[in-house]
Amino acid sequence: MIRRHKRLLLAVLGAMLMAAAMTVTASATTVKATTNAVVRAKATTSSKKMTTIKKGATRTVLKVSTNTKWVKVKVNGKTGYVHTNRVKVTSGKLEKRVSLGKFKLTFYGGDTITASGKTPRINHTIAVDPRVIPLGSKVYISGWGTYYAEDTGGAIKGKILDIFVRSEAEANRIGIRHANVYVYK
């Protein structure tokens with residue numbers, strides 16, 4: 001009975017943390033200005049005007065916040081914000097990225113098959129605790145890039161990720177690191 005309540009409490013707290021940390025990011029997403037669009041220094045209409053994106057011009061999206069309706073773009077070497085009512089998505093899609101906090105990173109190599117039945121790949125496969133990150137999830141690790149949760153491990157419990165590398169020797173050379181981890185929804 002206590003174990004069930006503990007699990008429920010942990011699930012509720014996890015959901016609250018995910019909701020609080022949710023942002024939208026754009027992976028290779030582009031937008032096209034539907035009208036001349038003002039680019040501002042900050043995501044607010046009272047912010048300083050930096051430049052304008054001409055109607056019909058296309059820009060790559062760097063980031064979009066779910067609660068502000070502003071798209072972060074780079075124009076003429078400067079990074080600024082454009083209101084989403086001035087642009088439309090022309091390629092790619094916007095993905096929600098949920099912060100899971102700081103994780104311990106360990107490294108492994110030499111496996112031939114993962115828990116999900118796939119062959120592990122360098123710069124692609126990570127082992128996770130499936131109670132924290134479901135198998136099959138797309139995961140962003142700050143400073144390391146995007147990986148996929150395809151494996152599990154006996155020592156991978158809680159906020160620990162095991163990144164697949166070329167060999168056990170390389171895993172030992174890298175050692176243990178720490179990084180912020182995000183899961184795409």
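Let's start at Thr51, which is found in strand β4, residues 49-53. Skip its neighbours within four places in sequence, and Thr51 is in contact with Ala37, Val38, Val39, Val75 and Asn76. Take Asn76 from that set: Thr51 and Asn76 are 25 residues apart along the chain, yet their C-alpha atoms are separated by 8.6 Å.

Keep in mind that this is a predicted model. The mean pLDDT of the protein is 82, with 80% of residues reaching 70 or more. Be wary of residues 8-27, though: pLDDT stays under 50 there, and the model has 34 contacts beyond four places in sequence for this stretch.

**The overall picture**

The secondary structure comes to two helices and 14 strands. Of the protein's 185 residues, 35% count as buried. If you look at contacts with a separation of 6 or more, 68% of them join residues 24 or more positions apart. The accessible surface is about 10,900 Å², and carbon and sulfur atoms account for 53% of that.

**The cores**

Which residues have the most contacts inside the largest nonpolar core? They are Ile126, Ile133, Ile141, Leu161 and Val181, in a core of 20 residues. Two or more residues each come from β9 (94-108), β11 (138-141), β12 (145-151), β13 (160-164), α2 (168-174) and β14 (177-184). β9 supplies the largest share, five residues. As a rule, nonpolar side chains in soluble globular proteins tend to be buried together.

Ile133 is a handy place to look around. Beyond four places in sequence, Ile133 is in contact with Leu100, Phe103, Val128, Val139, Ala149, Leu161 and Val181. Apart from the largest core lies another one, of twelve residues, and its members include Val31, Ala37, Val39 and Val73. Two of these should ring a bell, since Ala37 and Val39 are among the residues in contact with Thr51.

**Charged pairs**

How many salt bridges does a search of the whole structure find? It turns up two, and here they are.

| Salt bridge | N to O distance |
|---|---|
| Arg131 and Asp129 | 2.9 Å |
| Glu170 and Arg173 | 3.9 Å |

In the first row, the partners sit in contrasting surroundings. Arg131 counts as exposed because its relative accessibility is 69%, over the 50% cut-off. Asp129, at 5% relative accessibility, is under the 20% limit and so counts as buried.

The second row belongs to a helix: Glu170 and Arg173 both lie in α2, three residues apart, or about one turn of the helix. Arg173 is at 62% relative accessibility and so counts as exposed, whereas Glu170, at 23%, counts as partly exposed. Helix α2 has already come up above, as one of the elements giving two or more residues to the largest core.

**Around His124**

One more stop is His124, in the loop between β9 and β10 (125-127). Is His124 buried or exposed? With 13% relative accessibility it counts as buried, because buried means under 20%. The His124 side chain makes a polar contact with the side chain of Arg121, at 2.9 Å. Leaving out residues up to four places away in sequence, His124 touches Tyr147, Tyr148 and Glu150.

Notes: Residues are numbered from 1 along each chain as its sequence is written. Side-chain values use heavy atoms; hydrogens and water are left out. A nonpolar core is a set of buried Ala, Val, Leu, Ile, Met, Phe, Trp, Tyr and Cys residues joined through side-chain atoms within 4.5 Å. Buried means under 20% relative accessible area, exposed over 50%, partly exposed in between (1.4 Å probe, protein chains only). Helices (H or I, at least four residues) and strands (E, at least two) are DSSP runs, numbered from the N terminus. Contact means heavy atoms within 4.5 Å. pLDDT is the predictor's confidence in each residue, from 0 to 100. A salt bridge is a side-chain nitrogen of Lys or Arg within 4 Å of a carboxyl oxygen of Asp or Glu. Accessible areas come from the Shrake-Rupley method with a 1.4 Å probe; for residues, only the protein chains shown count as cover. A polar contact is a pair of N or O atoms within 3.5 Å; within protein, one must be able to donate a hydrogen and the other to accept it, and residues adjacent in sequence count only if both atoms are side-chain atoms.
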